[in-house]
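Me: I'd like to learn how to read a structure like this one. Can you walk me through it, feature by feature?

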Amino acid sequence: MEIYIYGLILTAFIALAFLSRNEEGENVWDRMAGMPERLTRQLGRKFWRGPLAGENTVRADLAVLYPSGKLKGQEERFGRDRMKKALLIILAGDLLAIASYAASGQSLRLTDGYNLRREAVGEGEAEVELELLTPAADSSAGGEEGQKEAETVRGEYQVTVRARTMKRQEVDALARSLLDSLPDMILGENTDLKHVSGDLILPAQVEGFPFRIVWESSSYAAVDADGIVGNGGMAGEEVREVTLTPILTYDAGAAGEYRYEGEIPLEVIPPTRSPEEMFRQELGEAIARADEESAAETQFPLPQKVGDVPLNWREKPQDTGIAILAAAVIIAVLFYFAMESRLHDRVKQRGREMAMDYPSVVSKFALYLGAGLSVRNVFFKLGEDYLKQREEGEKERGAYEEIVLVTRELQGGIPEQEAYDHFRQRCRSAQYTRLCTLLTQNLKLGSRELLAALQEESEAALEERRDSARKIGEEAETKLLFPMILMLAVTMVIIIVPAYYSFSV
């Protein structure tokens with residue numbers, strides 16, 4: 001099923017590349033991003049409220065960042081860029097999912113439909129997940145081909161495929177410890193050994209112990225050596241007493257083989273199992289018999305029939321492709337909306353820079369006006385100085401970029417009052433609004449107090465800048481508080497833990 005999903009997504013990308021071949025763009029990804037970008041923008045404006053309706057916010061942010069550019073073109077370029085990156089992430093996730101699916105099929109152990117490949121001697125055990133396929137109950141098709149077409153998944157099974165085949169005091173201590181622990185280990189789903197109705201777990205080896213365990217039973221009809229409880233014919237209050245004998249063997253090489261025995265008494269009571277549970281019990285017995293009979297072989301033949309039910313097996317690949325693809329889609333969606341957030345952060349950063357530059361702008365206005373320049377010429381002077389600094393490698397400053405735009409509007413014949421109004425609207429700041437108000441009043445009324453007002457505004461702006469710097473410092477201290485607490489906790493652990501263990505000793 002998974003491979004069809006991966007193929008469908010890959011086909012969708014191919015179809016998108018084919019349908020967008022006539023789109024405008026420098027490369028195939030630009031063309032592929034154009035069509036879904038327009039559709040997403042239109043649907044967002046038509047149906048969505050909230051985050052997807054943020055195109056108006058995007059448009060406003062782009063207007064601030066690119067005041068002299070074509071707004072529609074910038075908006076389309078931004079939308080196409082984030083859609084392109086989202087599509088790249090999804091395609092990469094799909095290709096990784098396909099690769100994961102292909103890799104999972106290379107490690108399969110089931111061959112010929114019935115044989116499980118064993119590891120070499122000494123390599124340890126391996127767990128294999130299998131799907132059991134049986135003919136459908138309503139199948140009327142004849143022959144082997146008709147039977148395969150009517151097969152259904154009967155269930156999933158996990159089969160353990162074993163590998164082809166201290167000093168004496170230490171072995172004795174381990175044997176005693178293991179014999180004491182076995183009664184609790186073999187319970188399975190039973191509550192205790194006085195009420196055994198389900199199969200027991202009789203391990204051939206326990207992790208952490210070097211023994212091979214062989215089980216003997218006082219009544220193999222009641223409990224066999226594999227822990228299968230034969231209580232199918234029991235009824236009423238019947239109880240069967242059984243003694244299990246675990247035989248532990250340890251190959252000590254030249255010293256020979258060490259052998260240990262114990263006794264585990266238990267009582268078997270009648271079962272309460274469904275037909276499916278009975279089927280699973282018989283199947284487990286068949287698998288165990290096949291395992292024992294083929295322990296020295298390179299292949300583990302799985303049973304082909306249980307009772308009158310023919311069996312077919314199919315190994316389940318360990319495919320992580322779906323998880324990879326889901327993660328890629330989630331990352332693509334988050335990235336798509338994160339770009340809008342980053343754009344808004346750029347606008348906020350520009351606003352902070354303009355606020356920091358405001359005292360300098362006002363003081364320069366007061367200085368040049370005091371030197372005899374007109375307001376118009378002050379704008380030209382500030383713009384000219386800024387452009388020279390940019391040519392020398394200085395970074396871009398939002399406030400002076402806006403001043404350069406004012407000079408270009410004035411050169412283009414726009415009236416001064418209208419140019420100052422545009423300057424105020426683009427800056428979107430209470431500080432620059434006050435400056436534009438002073439300039440506009442001077443233009444309308446010819447105020448003689450403009451120089452004094454600008455000097456007062458310069459002093460007030462410096463005070464605001466000090467308050468802003470103090471606020472930024474307090475915010476930085478708050479952000480550093482959590483790392484400092486974390487470092488304190490780590491330091492306390494480093495000091496206290498060794499001290500605790502030294503006292504314990």
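Reply: We'll go through confidence, a sheet, salt bridges and cysteines in turn. This is a predicted model, where local features need pLDDT of at least 70, side-chain atom pairs count only at pLDDT 80 or more, and totals for chains, interfaces and linings use all residues. Residues are numbered from 1 along each chain as its sequence is written, and side-chain values use heavy atoms, with hydrogens and water left out.

Me: Which elements of the chain have the lowest and the highest mean pLDDT?

Reply: pLDDT is the predictor's confidence in each residue, from 0 to 100. Helices (H or I, at least four residues) and strands (E, at least two) are DSSP runs, numbered from the N terminus. Here helix 5 (residues 143–149) has the lowest mean, 51, and strand 5 (residues 212–217) the highest, 92. The chain as a whole averages 80.

Me: How do I read a sheet, and what is the strand order in the open one with 3 strands?

Reply: Strands of a sheet pair through backbone hydrogen bonds, either parallel or antiparallel. Two strands count as paired if DSSP finds at least two bridges between them. In this open sheet the order is 1-2-9, with antiparallel pairing. Strand 1 (110–111) and strand 9 (299–301) are the edges, each with a single partner strand, so one side of each has no neighbour in the sheet. Strand 2 (residues 115–117) pairs with strand 9 over 3 bridges, and Arg117 has Gln299 as its bridge partner there.

Me: Now salt bridges: how many does the structure hold?

Reply: Side chains of opposite charge can pair when their charged atoms come close. The cut-off is a side-chain nitrogen of Lys or Arg within 4 Å of a carboxyl oxygen of Asp or Glu, and the structure holds 15. One of them joins Glu131 to Arg314, with the closest N and O atoms 2.6 Å apart.

Me: Is Glu131 buried or exposed?

Reply: Buried means under 20% relative accessible area, exposed over 50%, partly exposed in between (1.4 Å probe, protein chains only). Glu131 is buried at 13%, while Arg314 is partly exposed at 40%.

Me: Last one: how many disulfides does a search of the whole structure find?

Reply: A disulfide is a pair of cysteine sulfur atoms within 2.5 Å. The search finds 0. For Cys427, the closest cysteine sulfur is in Cys436, 6.3 Å away, so that is too far for a bond. Cys427 is buried at 8% relative accessible area, and Cys436 is buried at 2%.
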